[in-house]
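Got your viewer open? Load the model, switch on the cartoon view, and let's go for a walk, one stop at a time.

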Amino acid sequence: MEIFICKDYDHASKLAANILASHILLKPDSILGLATGSTPVGMYKYLVEKFNAGELSFKEVKSFNLDEYVKLPKDDVNSYYTFMYENLFNHIDIDKENVNIPDGNVVDPIKFCDDYDKKIDECGGIDVQILGIGQNAHIGFNEPDSVFYEKTRVVDLAESTIKANSRFFNTLEEVPTQAISMGIGTIMKSKHIILMANGESKAEAIKNMIVGDIDPKVPASILKLHPRVTVIVDEEAGALVKDYI
Ligand code: PGA
């Protein structure tokens, strides 16, 4: 694991955007694994800036998103579909045919999830996967006690995740209780993983991931077994690990 403790969120976002951009420059038909949530918003902003400056093209890129809520309409303001188009896809030259986001409203989710993993494999696998991390150290929606080899599937969200995500909804009751999420097994097959975190609320999760044992109670801890993980945190999220690295 390489770990960067950046001075603030902006610096962390810029660094993540630069690394992702370098993947695309070296391999224009890169397969990207993309994440939603507050954390990658700044990185997407810098990628759009690079595109607008003519420094980067997404024309040949294919993308696979990590997760999506179950039974939330695709065009809901809180769907990850809406998030991705508003923060990135509407502003770059990616071919919409190459965008893959789990569909939380499919009739047959088991088949959909199997096909999602198959499609990733058929494209040659994810070159670079962006991850955030939950306060409970989940990655994607793989909550504590998830099985490490799981593939994409329907998952129940932990109480703490529902509470954390309720900040985007009017009431706690409106937060979906299930999602389709890439499994940890799917994530671990990515060639390069960039995990980002910012703010004090993530410091404990980052510490448990980096310093603790590999433990299903800390889903992100499995990343220690991956050959190429880049952790990018701001000073607050990295506060409890700076003495260990
Ligand atoms: P956040 O979510 O980026 O909104 O903090 C990350 C996550 O829960 O994985």
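How many Å separate an oxygen atom of the ligand from a polar backbone atom of S38? Select both and check: the gap is 2.9 Å. Bear in mind as you click around that this is a predicted model.

**Stop 1: around the ligand**

Stay with the ligand and show its surroundings. You should find G37, S38 and T39, then G132, I133, G134 and H138, and finally R167 and K202. Now pick out the side chain of T39: one of its N or O atoms sits 2.4 Å from a ligand oxygen. Next, click on R167, where a polar side-chain atom is 2.9 Å from an oxygen atom of the ligand.

**Stop 2: two helices that cross**

Select helix α2, residues 41–52, together with helix α3, residues 80–87. Their axes come within 10 Å of each other and cross at roughly 40°. The two helices are therefore oblique to each other. Which residues do the touching? Show side chains for V41, Y44 and V48 on α2, and for F83, M84 and N87 on α3. Colour this contact by residue type and you get five nonpolar residues, one polar and no charged ones.

**Stop 3: the seven-strand sheet**

Hide the side chains and look for the open sheet of seven strands. Follow the strands across in the order β1-β10-β9-β6-β2-β3-β5; the pairing is parallel. Which strands stand at the edges? They are β1 (2–6) and β5 (99–100), and each of them pairs on one side only.

Zoom in on β9, residues 192–197, and β10, residues 229–234. These two run parallel and are joined by five bridges. For a closer look, select M196, and you'll see I232 of β10 standing opposite. While you have the sticks on, here is a handy rule: in a regular strand the side chains alternate between the two faces of the sheet.

Now add helix α7, residues 203–211. This helix lies across β1, β9 and β10, and runs at about 145° to β9.

**Stop 4: the three-strand sheet**

Next, find the open sheet built from three strands, in the order β4-β8-β7. Here the pairing is antiparallel. β4 (67–69) and β7 (153–156) are the edge strands with a single partner each, so one side of each has no neighbour in the sheet. On average, neighbouring strands here are turned by 30° against each other, if you ignore direction.

Want to see the pairing residue by residue? Start with β4 and β8 (residues 178–181), which are joined by three bridges. Select D67 and its bridge partner in β8, S181, then E68, which stands opposite I180. Then move over to β7, which has four bridges to β8. A good pair to click there is V155 with its partner A179.

**Stop 5: a phenylalanine in a loop**

Where does F148 sit? Look in the loop between β6 (128–131) and β7. Put F148 and F169 on screen together: they are 21 residues apart in sequence, and their C-alpha atoms are 30 Å apart in space. Which residues does F148 touch, leaving aside its neighbours within four places in sequence? Select I184 and G185, then I214, D215 and P216, and finish with P219, S221 and I222.

Technical notes: Residues numbered from 1 in each chain as written. Predicted model: local features only at pLDDT ≥ 70, side-chain atom pairs only at ≥ 80, totals over all residues. Heavy atoms only, no water. Axes fitted to C-alpha atoms, helices over the stretch in contact; angles between N-to-C directions. Parallel < 35°, antiparallel > 145°, perpendicular 65-115°, else oblique. Contact = heavy atoms within 4.5 Å. Nonpolar A, V, L, I, M, F, W, Y, C, P; charged D, E, K, R; others polar. Pairing = 2+ DSSP bridges. Near = heavy atom within 4 Å. Polar contact = N/O pair within 3.5 Å; in protein donor to acceptor, adjacent residues only side chain to side chain.
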